[in-house]
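Welcome, and please get your viewer ready. We will go from stop to stop, with a selection to make at each one and a short note on what is there.

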Amino acid sequence: MKTAPSGRRAASIRRSTHRLLLRIAYTVPLLFAARIATCARDTNPFANDPKAVAAGESQFRANCAFCHGLGARGGGRGPDLTRAQKRHGKTDGDLFRTINDGIPGTAMPQNGTTSQGVGMTAQEIWQVIAYIRSVEKKSDTTLPGNAAHGDKLFHGAAGCFTCHMVSGKGGRLGPELTNVATARSTESLVESIRYPSRRLATGLIENTKEFPQEYETVSVATADGQTFRGVTLNEDNFSVQMMDTQQQIHLFEKDKLKSFTKTRESLMPAYNEEILSEQDLRDVLAYLFEVSAK
């Protein structure tokens with residue numbers, strides 16, 4: 001059996017415990033205050049530090065490039081961070097809070113809450129911001145196009161409005177484009193318009209998933225002879241949910257279908273220069289940039 005400690009020993013234990021508790025009581029608030037001070041500052045302590053930029057690039061590749069693309073030029077899920085104007089604030093402090101806290105209601109997660117990367121310390125976040133500043137364009141140049149004419153083309157002759165939604169109005173067959181001009185580089189947008197099958201866009205409703213659904217073209221023939229063609233919305237081993245070219249949603253059980261095929265050839269037509277001239281293309285892009293800036 002264990003015996004109770006002697007009075008002298010018990011007093012010593014109590015004193016040691018009291019000292020430890022006092023140490024914790026003083027240390028924790030100091031650490032917390034230091035953490036708050038680090039996070040709350042609006043000036044990057046590693047600004048213009050070449051070593052911090054290099055370290056930040058490594059952190060960016062591990063934690064951010066999956067959504068924002070290599071070189072921070074934007075991807076299917078995250079905006080182009082080389083632009084001087086940022087939708088959620090442009091100061092270093094704004095960037096820190098965006099990276100650390102995430103943006104509710106968007107695909108931007110809180111730091112360390114996804115399996116992409118391992119999460120970053122405050123110092124590493126500041127290094128990432130130093131890297132972003134190093135690749136950032138000094139100013140956002142106005143796209144040389146007529147936004148008003150681009151608006152007319154988008155909602156008229158070019159037929160974009162039939163499949164794409166802007167500001168809550170338009171079609172649903174293709175990606176929503178309200179913020180696409182801030183999410184992707186101009187080069188990427190041009191490629192998607194001229195060569196839509198080269199790199200399929202990711203599905204709007206899937207943008208928070210680890211591996212988002214792409215706008216693959218699906219063709220279905222049912223047992224009773226009906227045929228449908230459209231885009232995949234959701235799919236598993238047993239069923240497929242699709243939207244047809246009339247923008248009607250269907251759910252099929254695969255084992256009951258006569259045929260089921262998918263292709264990476266986009267339903268979107270390739271807008272070559274005969275269909276959309278270079279000037280008209282610039283006008284459409286100018287319109288999308290104007291919408292994104294609002």
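Let's begin with a single side chain: select Arg-198, which is exposed because its relative accessibility is 54%, the cut-off for exposed being over 50%. Keep in mind as you look around that this is a predicted model.

**Stop 1: around Arg-198**

Add Glu-191 to the selection. Glu-191 and Arg-198 form a salt bridge, and their closest N and O atoms are 3.6 Å apart. The two ends sit in contrasting surroundings: Glu-191 counts as buried at 18% relative accessibility, while Arg-198 counts as exposed at 54%.

Now show Tyr-195 as well. Arg-198 lies over the face of this ring, 4.3 Å from the centre of Tyr-195. Arg-198 thus has two partners to display here, with Glu-191 in a salt bridge and Tyr-195 under the arginine.

**Stop 2: zoom out**

Return to the whole chain and colour by secondary structure. You should find 10 helices and seven strands. The chain has 294 residues, and 38% of them count as buried. If you draw the surface, the exposed area comes to about 17700 Å², with carbon and sulfur atoms supplying 55% of it.

How much of the contact map joins residues at least 24 apart? Among contacts between residues at least 6 apart in sequence, the share is 59%. The next stops show some pairs that link separate helices.

**Stop 3: helix 2 and helix 5**

Select residues 50–63 for helix 2 and residues 122–135 for helix 5. The whole structure holds four aromatic pairs. In one of them, the ring centres of Phe-60 and Tyr-131 are 5.4 Å apart with the planes at 55°, so this pair is tilted. Phe-60 belongs to helix 2 and Tyr-131 to helix 5, and the pair links parts of the chain 71 residues apart. Are these two rings buried or exposed? Phe-60 is buried, with a relative accessible area of 2%, and Tyr-131 is buried too, at 6%.

Stay in helix 2 and pick Gln-59. Gln-59 is buried, with a relative accessible area of 18%. Leaving out its neighbours within four places in sequence, show what Gln-59 contacts: Cys-64, Met-120, Glu-124 and Val-128.

**Stop 4: helix 4 and helix 5**

Next, select residues 92–101, which make up helix 4. Show the rings of Phe-96 and Trp-126, both of which are buried. Their centres are 4.6 Å apart and their planes meet at 35°, so this pair is tilted. Phe-96 is in helix 4 and Trp-126 in helix 5, 30 residues away in sequence.

A charged pair also joins these helices. Select Asp-92 and Arg-133: they form a salt bridge whose closest N and O atoms are 2.8 Å apart. Asp-92 is in helix 4 and Arg-133 in helix 5, so the bridge ties together parts 41 residues apart in sequence. Asp-92 is buried at 14% relative accessible area, whereas Arg-133 is partly exposed at 22%.

Before leaving helix 4, select Arg-97 and Asp-94. Their side chains meet in a salt bridge, at 3.3 Å from N to O. What separates the two residues along helix 4? They are three residues apart, about one turn of the helix. Both are partly exposed, Arg-97 at 33% relative accessibility and Asp-94 at 23%.

The bridges visited so far are among the 12 salt bridges in the whole structure.

**Stop 5: the cysteines**

Finally, display the cysteine sulfurs. A search of the whole structure finds zero disulfides. Cys-67 is in no disulfide, and its nearest cysteine sulfur, in Cys-64, is 8.7 Å away. Cys-64 is already familiar as one of the contacts of Gln-59. Cys-67 is buried, with a relative accessible area of 18%.

Why is Cys-160 not bonded to Cys-163? The closest cysteine sulfur to that of Cys-160 is the one in Cys-163, but at 9.0 Å it is too far for a bond. Cys-160 is buried, with a relative accessible area of 14%.

Technical notes:
Residues numbered from 1 in each chain as written. Predicted model: local features only at pLDDT ≥ 70, side-chain atom pairs only at ≥ 80, totals over all residues. Heavy atoms only, no water. Helix = DSSP H or I, 4+ residues; strand = E, 2+ residues; numbered from the N terminus. Buried < 20%, exposed > 50% of the residue type's maximum accessible area, 1.4 Å probe, protein only. Contact = heavy atoms within 4.5 Å. Salt bridge = Lys/Arg side-chain N within 4 Å of Asp/Glu carboxyl O. Areas by Shrake-Rupley, 256 points an atom, 1.4 Å probe, with all protein chains shown as cover. Phe/Tyr/Trp six-rings, centres within 6.5 Å; stacked < 30°, edge-to-face > 60°. Lys NZ or Arg CZ within 6 Å of the ring centre and 35° of its normal. Disulfide = S-S within 2.5 Å.
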